[in-house]
Amino acid sequence: MSFYNFEDTDSGEQDIHYMKLALEEAKKALAEDEIPIGAIVVSKNRIIGRGYNLTERFNDVTAHAEMQAFTSATQTIGGKYLKDCTLYVTIEPCVMCAGASYWTQISRIVYGAREEKRGFISKGSNLLHPKTVLKGGVMAEECAAMMKSFFAKRR
Ligand SMILES: [Zn+2]
């Protein structure tokens, strides 16, 4: 049993399109030797926020891709809520980012690859806003491959 509202409709092509753009953000992180996770926020077919992991550059453990994307989106729209928006993120969010998404009241979260250890889904309590619908596994292989190549390089 999942606590979460998983989406079962197939909104395939559009999600793949936007996930590719989130992967472009992840590539920017990779180029800066940051853990390669990227995110974008889309509202009515418009990209209103983007971000990638910057925890090394900012020496800030909260500088996750999702946090950057939320801040950038709320600056674009001039409001703190992200109703009618979708977050695309290459890796399943952690509990901090899931918690932040609660406060934004975002309508949809689409992630690429699962993150078994640090991801929020296995943490067992409902961290998302009740209105937030979740979809996972979009371009999961590509998203995971970027992480694997990063950690392989470090060994
Ligand atoms: Zn996070």
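**View 1. Glu-66, the residue that the UniProt record marks as "active site".** The annotation comes from an unreviewed UniProt entry, and Glu-66 is the residue that it covers. Keep in mind as you look around that this is a predicted model. You will find Glu-66 in helix α3. Is Glu-66 buried or exposed? Its relative accessible area is 4%, so Glu-66 counts as buried. Leaving aside residues up to four places away in sequence, Glu-66 touches Ala-39, Leu-87, Val-89, Ile-91, Pro-93, Cys-94 and Cys-97. Two names in that list, Cys-94 and Cys-97, come back in the next view.

**View 2. The zinc ion and the residues that hold it.** Which atoms coordinate the zinc ion? They are ND1 of His-64, SG of Cys-94 and SG of Cys-97, at 2.0 to 2.3 Å. Along the sequence, these donor residues follow the spacing H-x29-C-x2-C. His-64 and Cys-97 link distant parts of the chain, being 33 residues apart. His-64 sits in the loop between α2 (55–58) and α3 (65–77), while Cys-97 belongs to helix α4 (residues 95–104). The two also have their own surroundings: His-64 is partly exposed, with 23% relative accessibility, whereas Cys-97 is buried, at 2%.

**View 3. Cys-85, a cysteine without a disulfide partner.** How many disulfides does the structure hold? The number is 0. Cys-85 lets you see why for one residue: the closest cysteine sulfur, in Cys-97, is 16 Å from the sulfur of Cys-85, which is too far for a bond. A disulfide would need the two sulfur atoms to be within 2.5 Å. Cys-85 is itself buried, with a relative accessibility of 3%.

**View 4. Helix α4 and its buried face.** Let your eye run along α4 and pick out its buried residues: Cys-97, Ala-98, Ala-100, Ser-101 and Thr-104. Where do these residues lie when you look down the helix axis? They fall within an arc of 160 degrees, so they line one face of α4. Among the elements that cover these buried residues are α3 and β4 (108–113). Here two views meet, as Cys-97 is one of the buried residues of α4 and also one of the residues that coordinate the zinc ion.

**View 5. Gln-105, just after helix α4.** Follow the chain past α4 and you arrive at Gln-105. What phi does Gln-105 take there? Its phi is positive, at about 60 degrees.

Definitions and conventions: Residues numbered from 1 in each chain as written. Predicted model: local features only at pLDDT ≥ 70, side-chain atom pairs only at ≥ 80, totals over all residues. Heavy atoms only, no water. Donors = N, O, S within 2.8 Å, 3.2 Å for Na, K, Ca; no water. Helix = DSSP H or I, 4+ residues; strand = E, 2+ residues; numbered from the N terminus. Buried < 20%, exposed > 50% of the residue type's maximum accessible area, 1.4 Å probe, protein only. UniProt positions renumbered as here; feature names shortened; annotations may be inferred. Contact = heavy atoms within 4.5 Å. Arc of directions from axis to C-beta.
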